[in-house]
Amino acid sequence: MKLYHTANGIFVEEGSRFYPVPASGWDELISSIDLQARVHTATSGSSVGAFEPKSILAPIVGQEVWAAGVTYFRSRNARIQESKDAGGGDFYDRVYAAERPELFFKATGRRVVGHRSAVRIRSDAKWSVPEPELTLLINPAGQIIGYTIGNDMSSRDIEGENPLYLPQAKVYDGSCALGPCVLLSAEPLPKSTTIELQIARHGETVFSGSTTLAELKREPKQLAEYLFRDNSFPDGVFLMTGTGVVPGDEFSLASGDVIRIAIAGIGVLENFVK
């Protein structure tokens, strides 16, 4: 089942039909201990005659967004390369091999945009890229209850200058996109699940790449467990699991670029660069 947060309410998609889900609000539903049962019950009611895709909002209100770094070998190599002049190469290699994962705060709900909305590149950055990531939705009890698509916009030159600049490279208005829906499932996604990134400029593809969850070094449950150590999330939380698709060092996003991220079983998240 796929859950949508829209301007017209909350809907669940089942068998290509859309059903309204009764709730006092997005946060109330997401933090509910009987979320799955409530959504399943909604599918026994009447479906809507028409579902308006343009009404889709980012699937977030009161949740925080956190992210895991250096969880793919490709990401490790990219971080080593970008930070070599700052002496950060060994730093990222040790993070990749360590038992404890890198976890960092990414966004509040107001900094997140949804499907077909504008993401931003920092005005003081010269080297910016999108990072396509499987993103976990975790309930207040620390249980993974669903999955969505995430775009972790990143200023590689700022982080590369000094690893301590990561918050500035990662956290700013419009630096995160989520959507278009949440795939509700308590079961892990197959290792064969593909994550694809395509970037278009003036109608022409300027970058494309893909990976699978088989390349993800850390298990999603392990990442969730570390996030919830001495941390509480009353409205639930989103956790981006890292990227295995990184454009080459010669590439940087430009205003007007269209970013398309597809994850098998979830759908497509598309944004344009403002």
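Me: How many bridges join strand β2 to strand β3, and in which sense do the two run?

Reply: A ladder is read by its bridges and by the direction of its strands. In this predicted model, β2 (residues 9-14) and β3 (residues 17-20) run antiparallel and are joined by four bridges. One facing pair in the ladder is Glu13 and Phe18, the latter in β3.

Me: What does the turn of that hairpin contain, and which residue there takes a positive phi?

Reply: Two residues lie between β2 and β3, and Gly15 has a positive phi near 60°.

Me: Which residues other than glycine have a positive phi?

Reply: The general idea comes before the cases. Most residues other than glycine have a negative phi. Val70 departs from that pattern, with phi near 55°. Asp230 is another case, with phi near 60°.

Me: Where is each of them placed in the chain?

Reply: Both positions are in loops. Val70 belongs to the loop between β4 (64-69) and α3 (73-82), while the loop holding Asp230 runs between α7 (220-227) and β15 (237-240).

Me: Is Val70 buried or exposed, and is Asp230 buried or exposed?

Reply: Here the cut-offs are needed: buried means under 20% relative accessible area, and exposed means over 50%. Val70 has a relative accessible area of 3% and is therefore buried. For Asp230 the value is 84%, so this residue is exposed.

Me: Where is there a cis peptide bond?

Reply: Omega is the angle to read. Most peptide bonds are trans. The bond joining Gly179 and Pro180 is cis, with omega about 0°. Pro180 is part of strand β12.

Me: Where is Pro188, and is this residue buried or exposed?

Reply: Pro188 sits in the loop that runs between β12 (176-184) and β13 (194-201). Its relative accessible area is 56%, so Pro188 counts as exposed. A separation in sequence can also be set beside one in space: Pro188 and Glu219 are 31 residues apart along the chain, and their C-alpha atoms are 9.3 Å apart.

Me: What is the strand order in the open sheet of five strands?

Reply: A sheet is read from one edge across to the other. The order is β7-β17-β16-β13-β14, and the pairing is mixed. β7 (118-119) and β14 (204-212) are the edge strands; each has a single partner, so one side of each has no neighbour in the sheet.

Me: How do β16 and β17 pair within that order?

Reply: Strand β16 (residues 258-263) pairs with strand β17 (residues 267-273) in the antiparallel sense, over six bridges. Arg260 is found opposite Glu270 of β17.

Me: How should the protein chain be described as a whole?

Reply: Start with the inventory, then turn to dimensions. The protein chain has seven helices and 17 strands. Its radius of gyration is 18 Å, close to the 19 Å from the globule rule for 274 residues, so the chain is as compact as a globular protein of that length. The C-alpha atoms fill a box of roughly 60 × 45 × 30 Å along the principal axes.

Me: What share of the residues is buried, and what share of the contacts joins residues at least 24 apart?

Reply: Of the 274 residues, 54% count as buried. Among contacts between residues at least 6 apart in sequence, 74% join residues at least 24 apart.

Me: What can be read from the surface and the charges?

Reply: The accessible surface is about 12,000 Å², with 49% belonging to carbon and sulfur atoms. There are 27 positive and 33 negative side chains, and the centres of the two sets lie 2 Å apart.

Technical notes: Residues numbered from 1 in each chain as written. Predicted model: local features only at pLDDT ≥ 70, side-chain atom pairs only at ≥ 80, totals over all residues. Heavy atoms only, no water. Rg over C-alpha atoms; globule rule 2.2 N^0.38 Å. Buried < 20%, exposed > 50% of the residue type's maximum accessible area, 1.4 Å probe, protein only. Contact = heavy atoms within 4.5 Å. Areas by Shrake-Rupley, 256 points an atom, 1.4 Å probe, with all protein chains shown as cover. Lys, Arg positive; Asp, Glu negative; His and termini not counted. Charge placed at Lys NZ, Arg CZ, Asp CG, Glu CD. Pairing = 2+ DSSP bridges.
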